[in-house]
Amino acid sequence: MAPTRNTFRVGPTTCSTGTACFTPLGSPEAARCSAADMSRPTSTPLSVTPATLYFPTSSLASTASPLPPHVALSAARVLTGQYNPANGIGLANTSLAFFGDRLYALGESDLPYSLRLTSNGDIETLGRHDFDGKLSMNMTAHPKIDPDTGEAFAFRYGFIRPFLTYFRFDSNGVKQPDVPIFSMVTPTFLHDFAITKKHAIFADIQIGLNLIDMITKRATPFGLDPSKVPRIGVIPLYAKDESEMRWFEVPGFNGVHATNAWDEDDAIVMVAPNVLSAEHVLERVDLVHCLVEKVRIDLKTGIVTRQPISTRNLDFAVINPAYLGRKNKYVYAAEGDPMPKISGVVKLDVSNVEHKECIVASRMFGPGCYGGEPFFVAREPENPEADEDNGFLVSYVHDEKAGESRFLVMDAKSPQLDIVAAVRMPRRVPYGFHGLFVRESDLNNL
Ligand SMILES: [Fe+2]
């Protein structure tokens with residue numbers, strides 16, 4: 001049984017040369033990215049780090065070049081004519097977003113790439129999209145789309161001041177003016193954020209950026225500052241400047257992803273995986289343990305309280321998209337075994353605060369089988385009375401022994417996340433970061 005007749009899913013967004021995966025066609029970088037593809041056997045040591053989001057070759061072992069390997073290889077490709085930076089510098093391999101009647105492939109080091117589906121089912125890159133010249137620099141791969149208004153909220157981070165810039169797009173996809181955040185005082189790896197109906201929330205974590213180290217020490221630009229006290233920044237959702245931004249120190253909180261947030265009386269509640277060992281993010285992702293936490297920021301007292309809601313190693317967590325920015329009950333997260341390999345998906349009841357273990361349903365994919373981020377697809381998206389968990393979880397799963405990939409459709413309401421459809425894919429689908437489910441009617445209007 002298909003989730004609905006009029007839907008189509010694209011993704012995952014990690015690509016590998018020679019595979020049938022989804023990849024933007026206009027970017028040589030995007031067309032050749034392979035650093036995050038863990039399922040393809042290789043003689044070259046590969047790992048997935050924050051640099052993977054920036055450089056396609058960042059995970060390669062050191063070379064004899066005096067330059068960092070990723071810089072040297074990129075330079076070589078420019079010199080040999082394989083790669084023209086004028087056509088784009090990013091990978092567009094991290095996520096997808098649909099807003100303003102356009103579909104974008106996103107990587108946080110570059111502009112969004114606009115896409116469309118051709119009549120024969122191919123995915124065509126329309127090009128880098130600068131929103132009529134209003135977006136001149138890179139943008140997060142995790143914009144937040146308000147399900148009620150269609151507005152998109154986003155940001156960019158970088159090496160030079162302002163290290164963080166917040167902005168939004170109206171419901172027609174028209175970009176609104178930048179809000180530079182100068183109170184972000186150090187360049188920080190800021191991969192994701194959260195919004196409520198009234199606020200945007202940023203995590204200023206211990207993983208930072210250092211351009212000088214990248215050039216002089218042949219290192220990736222990302223590094224850990226263990227002396228830094230992590231902070232959470234809160235700014236009004238429609239802020240025109242940062243005058244009302246507030247920062248709250250949150251020792252021990254290194255949230256790379258944010259799952260959801262909402263306003264609650266005089267507080268903000270955010271659900272997010274906290275990376276317990278942030279140093280491992282840089283080189284040994286397989287040692288990372290992500291603890292999903294419920295973080296409460298009391299805007300009156302300034303007190304921040306945190307509560308772990310599962311002991312399991314969980315990340316790539318999603319919700320019913322209709323609940324973005326408002327209080328929700330269910331979170332669906334991928335289980336790392338170890339990260340970034342995903343051995344299954346669990347369902348958490350985040351309202352169940354009395355118990356530390358909030359998992360209420362789970363499905364493991366089986367020995368040698370690994371998947372990607374799940375995505376929730378509502379059974380009745382137009383029905384406002386439908387239960388929050390009335391829908392399906394979809395994900396690609398690859399069987400490494402059989403060499404087969406399947407597209408799984410799971411019943412999100414069932415205690416074992418029952419598989420209601422499993423579609424064998426004609427070719428291997430590589431593991432990826434994030435995916436998106438787009439209705440066919442929306443695709444047809446691109
Ligand atoms: Fe991400």
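Here are three exercises with worked solutions on a predicted model.

**Exercise 1.** Determine which residues coordinate the iron ion, and decide how the geometry of the site is classed.

*Solution.* Begin with the donors: the iron ion is held by the NE2 atoms of His-142, His-191, His-257 and His-434, at 2.0 to 2.2 Å. Next, look at the angles among these 4 donor atoms, which run from 90 to 159 degrees. Four donors count as tetrahedral if all angles lie between 85 and 135 degrees, and the site of the iron ion is classed as irregular.

**Exercise 2.** Work out where His-191 and His-434 lie along the chain, and whether each is buried or exposed.

*Solution.* First place the two residues: His-191 belongs to the loop between strand E9 (179–181) and strand E10 (194–195), whereas His-434 belongs to the loop between strand E28 (419–424) and strand E29 (436–439). The two are 243 residues apart, and the pair therefore links distant parts of the chain. Then turn to accessibility, where buried means under 20% relative accessible area. His-191 has 4% relative accessibility and so counts as buried, and His-434, also with a value of 4%, is buried.

**Exercise 3.** Describe the sheet that contains E10, and explain why E10 and E15 are edge strands.

*Solution.* Start with the order, which is E10-E11-E14-E15 in an open sheet of 4 strands with antiparallel pairing. E10 and strand E15 (246–249) each have a single partner strand, so one side of each is left without a neighbour in the sheet. Finally, examine one pairing in detail: E10 is joined to strand E11 (residues 199–204) by 2 bridges, and Ile-195 has Ala-200 in E11 as its bridge partner.

Methods:
Residues numbered from 1 in each chain as written. Predicted model: local features only at pLDDT ≥ 70, side-chain atom pairs only at ≥ 80, totals over all residues. Heavy atoms only, no water. Donors = N, O, S within 2.8 Å, 3.2 Å for Na, K, Ca; no water. Tetrahedral: all angles 85-135°; square planar, octahedral: opposite > 155°, others 65-115°. Buried < 20%, exposed > 50% of the residue type's maximum accessible area, 1.4 Å probe, protein only. Pairing = 2+ DSSP bridges.
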